[in-house]
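This report walks through the fold of one chain, from strand pairing to the largest pocket. Keep the structure in view while reading.

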Amino acid sequence: MHELVLVILATDDLPRLRQFYIDLTGWQPEVDEDNYVELNSGSMRLGLYDRPSFLDNLTRDARLAPNKPGDLRPAELYFTVPDPEMVMQAALVAGAQYLAPVTTKDWGDRVGYIADPDGNVCAIAAPAQSN
């Protein structure tokens, strides 16, 4: 059986993104190096890599698209929380960009959307069973 246990985001500003995700999740770094930080929820890990070190793991020809201010990434991190409105407010204070309010979606979850300081889309959700 396959299991997704780690998502890694490359960033041009590791200290900023590190602090943003600590503030958003409350997770503490399990790994805290100059070029890589790994936060652990207990069942999932979130890695944050500085862009040059991330590229060092790939082929010499690998390139990442530039991250221009205001651009959103074509992926989503889906966080489940007890109170999405409260977490979204805290995320905005921590530097998130507001994308959409918390509403009940067709699948039953109450979900709002923000973008982290690098433009990674984050869904802040209360699962349907806890509503």
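## Strand pairs and sheets

Ala100 stands opposite Tyr113 in strand 7. The model that shows this pair is predicted. Strand 7 covers residues 110–115 and pairs with strand 6 in the antiparallel sense, over five bridges.

These two strands belong to an open sheet of four strands, ordered 5-8-7-6. Its pairing is mixed. Which strands stand at the edges? They are strand 5 and strand 6, the latter spanning 97–104. Each has a single partner strand, so one side of each is left without a neighbour in the sheet. Neighbouring strands here are turned by 15° against each other on average, direction ignored.

A further open sheet, also of four strands, has the order 1-4-3-2. Pairing is mixed in this sheet as well. Its edges are strand 1 (6–11) and strand 2. Each of them has one partner strand, so one of its sides lacks a neighbour in the sheet. The average turn between neighbouring strands of this sheet is 15°, direction ignored.

Three antiparallel pairs can be set side by side.

| Strand pair | Bridges | Residues standing opposite |
|---|---|---|
| Strand 2 and strand 3 | three bridges | Val31 and Glu38 |
| Strand 3 and strand 4 | five bridges | Leu39 and Leu46 |
| Strand 6 and strand 7 | five bridges | Ala100 and Tyr113 |

Strand 2 runs over residues 29–32 and strand 3 over residues 36–40. The two form a hairpin, with three residues between them. In a regular strand, side chains alternate between the two faces of the sheet.

## Helix 1 and the two sheets

Helix 1 packs on the sheet ordered 1-4-3-2. It touches strand 1, strand 2, strand 3 and strand 4. The direction of helix 1 makes about 165° with that of strand 4.

Helix 1 also lies across strand 5, strand 7 and strand 8. Strand 8 covers 121–126. Relative to strand 5, helix 1 runs at about 30°. Strand 5, strand 7 and strand 8 are members of the sheet ordered 5-8-7-6. Helix 1 thus has contacts with strands of both sheets.

## The largest pocket

Where is empty space left? Rolling a probe the size of a water molecule over the atoms shows it. The largest pocket holds about 250 Å³ of space. It is lined by 14 residues, and the closest to its centre are Thr25, Trp27, Tyr78, Phe79 and Thr80.

Which elements each supply at least two residues of the lining? They are helix 1 (14–25), strand 4 (45–50) and strand 5 (76–80). Strand 5 gives the largest share, four residues. By class, the lining has 11 nonpolar, two polar and one charged residues.

Helix 1 and strand 5 therefore recur: strand 5 is an edge strand of its sheet, and helix 1 lies across it.

## The whole chain

How many helices and strands does the chain have? There are three helices and eight strands. Along the sequence they follow the pattern β-α-β-β-β-α-β-α-β-β-β.

The C-alpha trace spans about 45 × 35 × 25 Å along its principal axes. The radius of gyration of the chain is 15 Å. A compact globule of 131 residues would have a value near 14 Å, which agrees.

Methods
Residues are numbered from 1 along each chain as its sequence is written. This is a predicted model: local features need pLDDT of at least 70, side-chain atom pairs count only at pLDDT 80 or more; totals for chains, interfaces and linings use all residues. Side-chain values use heavy atoms; hydrogens and water are left out. On a 1 Å grid over the protein atoms alone, a cavity is a set of points where a 1.4 Å probe fits but cannot get out, and a pocket is an open set with protein on both sides within 12 Å along at least five of seven lines; lining residues have an atom within 4 Å of a point. Grid points are joined across faces, edges and corners, and a volume is the space filled by probe spheres set on the points. Ala, Val, Leu, Ile, Met, Phe, Trp, Tyr, Cys and Pro count as nonpolar, Asp, Glu, Lys and Arg as charged, and the others, Gly among them, as polar. Two strands pair if DSSP finds at least two bridges between them. Axes are lines fitted to C-alpha atoms, for helices over the stretch in contact, and angles run from 0 to 180 degrees between N-to-C directions. Contact means heavy atoms within 4.5 Å. The radius of gyration is taken over C-alpha atoms; the globule rule is 2.2 Å times the number of residues to the power 0.38.
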